[in-house]
Amino acid sequence: MYQPVLAPLAESLPLSALAALLPLLTIFFMLGVLRTKAHWAALASVAVAIAVAVAGYDMPAGLALLSASQGAVFGLFPIMWIVFAAIWVYQLTVASGRFEDLRKAFQLISDDPRVQAIIIAFCFGGLLEALAGFGAPVAITGVMLMALGFGPLRAATTVLVANTAPVAFGAIAIPIITAGTLTKIPYEEIGAYVGRQTPVLALFVPLLLVFLVDGRRGVRQTWPVALVAGGAFAAAQFASANFISVELTDIIASLVALTAVVLFLRVWQPSGGAEAFAKLGTEGDETSTAGGSAGPVRGSGPGGRVGTLDPRTDVEATREDITAGRVAMALVPYLIIIAVFSVAKLWEPAKLFLAGQDTKIEWPGLHGHVLTVTGKVSTATVYTFPWLSSPGTMLLVAGILVALIYRISPAVAARELVAVAVKLRWAFLTVASVLALAYVMNLSGQTITVGAWIAGTGAAFAFLAPILGWLGTAVTGSDTSANALFATMQQAAATKIGLDPTLMVAANTSGGVVGKMISPQNLTIAATAVGLVGKEHLLFRKVFRWSLLMLLGLCLLVYLQSNVLAWTLS
C-alpha cells in the first residue's frame, strides 16, 4: 500500500512543492522556450513526473507506471474520442458540400471578419462547448474560421481565446457537477457562484477577439457589437446559472448572444470590414511558420484556405445563391447534435439509462494499492468506461444521422473516419501523455503538495485559489479534471482558513477556464484542425499572455468577493 505525504523532501513543504512543480515547468519550458512539439514536451513531462514520484515521493515505480497507463487510457477515451467524433462530423459536412452553405450563411450575417470571429468563435463555439466540450469547439470553429479566410495561426489563436468563458458550464455543466459530487456542496450553489465570476470574462472576450483579428483599429470600429455580444452572453450566463438551470447555462447564453448580435447588426454595421479582410491574407508569420507542417483538416484549399469569399465582390452573389432551404440543410448537423445531447443530458430516463451502461474497471495492479493523504483507499484508481454515455459516442450517433440525411455513402463516411484518425495521430499521443502526467501527479501526491503549499498563504489564498484551477486545466486540458484534482483541497483549505468553501471551489472552476487555452491537449487539437501540426509552441506563445492576464483579473475578482464584494454572492 502506498500513501503519499505532503512534504516528502526534508519535511519541507516549499521544497516538496518545488519538486512537484518540475513536471509542469518542464512542459511549459519545452513548449514556450524550446519550442518543442507538444507530444515530445508531454512525454518528457511524464518522465519527470514519474522520476519525482519515485525518487521524491517514494512511490513504487510499478505503481507510478500503472498510474500513467490509466491516465493515458482516460486521455484516449473519453477525451480524444470526443474530439475524433466531432471532427468526423465536420468532415462529413465538407464531403457533402453543405459546409460551404453554412459558411455563406454566416457570411450573410456579416461580411466583416471581426464580427464573424464573434459569431463563430464566441457564440457558436460557446454552444458547442455547452453540448460537447473537451476540445470539440476549438476543432470545429477553427476550421470554420479558416473557411472564411482566416490564416491558420490567427484562426487557432482566436478560437483558443474564445473558448474561455463558456468552459465552466461546458458539456452540460460537467465541471461544476463534478465539483459538487466530490465536495458534497450542492452543485447549484457552486454554479451560482461561478455565474457571478465568468460573466465578467465573457463581457470582455469579444473585445479581445476583435483585437486579435484586427488590432486596435478593430476594437475602435467594432466595439459596439463586441459589447453587445459580451454583455448579452454575460447577462444570460448570470441569469441562467442563478435562476434557471446550471446545466443549460451555456446553451441559453450562446443563443441569447447570437440573437442579440444578429438583431443589433440590423440597425448598426461596423466600418473597415474590407480592410480587415485584406489583413487576413497578409500574415507572413503564419505562412512561413506553417511551412512543412501537415495541412488543415481535409477540405481546405491552397494556402490553407477553403475557397474564401472576398466580401467586396461576392456578397451579393452569395445572397442570390443561398436559399433558406440550403441554410436549413447546412444547419442540420448542429441541430442534430443539439437534439441528441438534449435528449441524452436533459431527459431523465435517457440520462439514467446511459449512465447505467457505464463500465467501472478497477485498474489492475493499481486499485487497492494506493491511499490518499488522509489514509483512505483512493477511488481515483477506478476507471469508468462510458462507452455509451460519452459525448463522443453521441457525436458518433449524430454523425451517422448526418450521413443518412445528407445521403453520404458508407464508403465515403468510412474514408473520412480513417482520414481523421490519421490526422489526429499525434494529438492522440499528446493528450494521452498529458493525462498520464495528471494521474501520476495526482496519485503520487504531487498535486496535493502544490495545493497545500499555496493554501499556506492564509487570507491571501483567496487571491491564489484560481491559480490551482488554472494549473489543473493547463495540465489536463479539462476543467472537469482540474476540479477532480483540486476541488476537495480548495474546500478543506477554505474551511481551515475561515473562507467560504463554495467560493473557493467556484474559484477553482473559474480559474480553470483561462487555463484551457494553454493546455497542450487543446493546443494540439487547435494545431491539428488548422494545419499547424508540430507548431503548438507558436500557439502557446500567442495565447500565454492572454491566459495570464485573464487569470490575474479572476484572482483579483475572487479576492474582492471574499471580503469587500462579498455582497455580490448573497
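Seven salt bridges are counted in this predicted model. Side chains of opposite charge can pair when their charged atoms come close. A walk through several of these pairs gives a helpful way into the fold.

A good place to start is helix H5, where the side chains of Arg98 and Asp101 meet in a salt bridge with an N to O distance of 3.9 Å. These two residues are three places apart within helix H5, about one turn of the helix. Their surroundings can be described separately: Arg98 has a relative accessible area of 25% and is partly exposed, whereas Asp101 is buried, with a value of 5%.

Asp101 also has a second partner. A salt bridge joins Asp101 to Arg326, and the closest N and O atoms lie 2.6 Å apart. This pair links distant parts of the chain, since Asp101 belongs to helix H5 and Arg326 to helix H16 (residues 324-346), 225 residues apart. Arg326 counts as partly exposed, at 26% relative accessibility.

A further salt bridge brings together the side chains of Glu129 and Lys516, at 3.7 Å from N to O. Glu129 sits in helix H6 and Lys516 in the loop between helix H24 (501-513) and helix H25 (520-530), so this pair ties together parts that are 387 residues apart in sequence. What of the accessibility of Glu129, buried or exposed? Glu129 is buried, with a relative accessible area of 2%. Lys516 likewise counts as buried, at 3% relative accessibility, because the cut-off for a buried residue is a value under 20%.

Salt bridges also link Asp112, Arg114, Asp214 and Arg217 in a network. Within this group, Asp112 is placed in the loop between helix H5 (98-109) and helix H6 (113-131). Asp112 is buried, and its relative accessible area is 2%. Which residues does Asp112 touch, leaving aside its neighbours within four places in sequence? The contacts are with Thr222, Pro270, Ser271, Gly272 and Gly273.

Turning to the cysteines, a search of the whole structure finds zero disulfides. Two cysteines can still be placed by accessibility: Cys123 is buried, with a relative accessible area of 1%, and Cys555 counts as buried at 2%.

Ala44 offers a look at another helix, as this residue is found in helix H3 (residues 38-56). At 22% relative accessibility, Ala44 counts as partly exposed. Beyond its neighbours within four places in sequence, Ala44 is in contact with Thr26 and Met30. The C-alpha atoms of Ala44 and Ala460 are separated by 33 Å, and these two residues are 416 apart along the chain.

A word on confidence rounds off the picture. The protein has a mean pLDDT of 86, and 92% of its residues reach 70 or more. Two stretches call for some care. Over residues 284-295 pLDDT stays under 50, and the model has 21 contacts beyond four places in sequence for this stretch. Over residues 298-313 pLDDT again stays under 50, and here the model has 42 contacts beyond four places in sequence. Where pLDDT is low, the predicted coordinates should not be read in detail.

Definitions and conventions: Residues numbered from 1 in each chain as written. Predicted model: local features only at pLDDT ≥ 70, side-chain atom pairs only at ≥ 80, totals over all residues. Heavy atoms only, no water. pLDDT = per-residue confidence, 0-100. Contact = heavy atoms within 4.5 Å. Helix = DSSP H or I, 4+ residues; strand = E, 2+ residues; numbered from the N terminus. Buried < 20%, exposed > 50% of the residue type's maximum accessible area, 1.4 Å probe, protein only. Disulfide = S-S within 2.5 Å. Salt bridge = Lys/Arg side-chain N within 4 Å of Asp/Glu carboxyl O.
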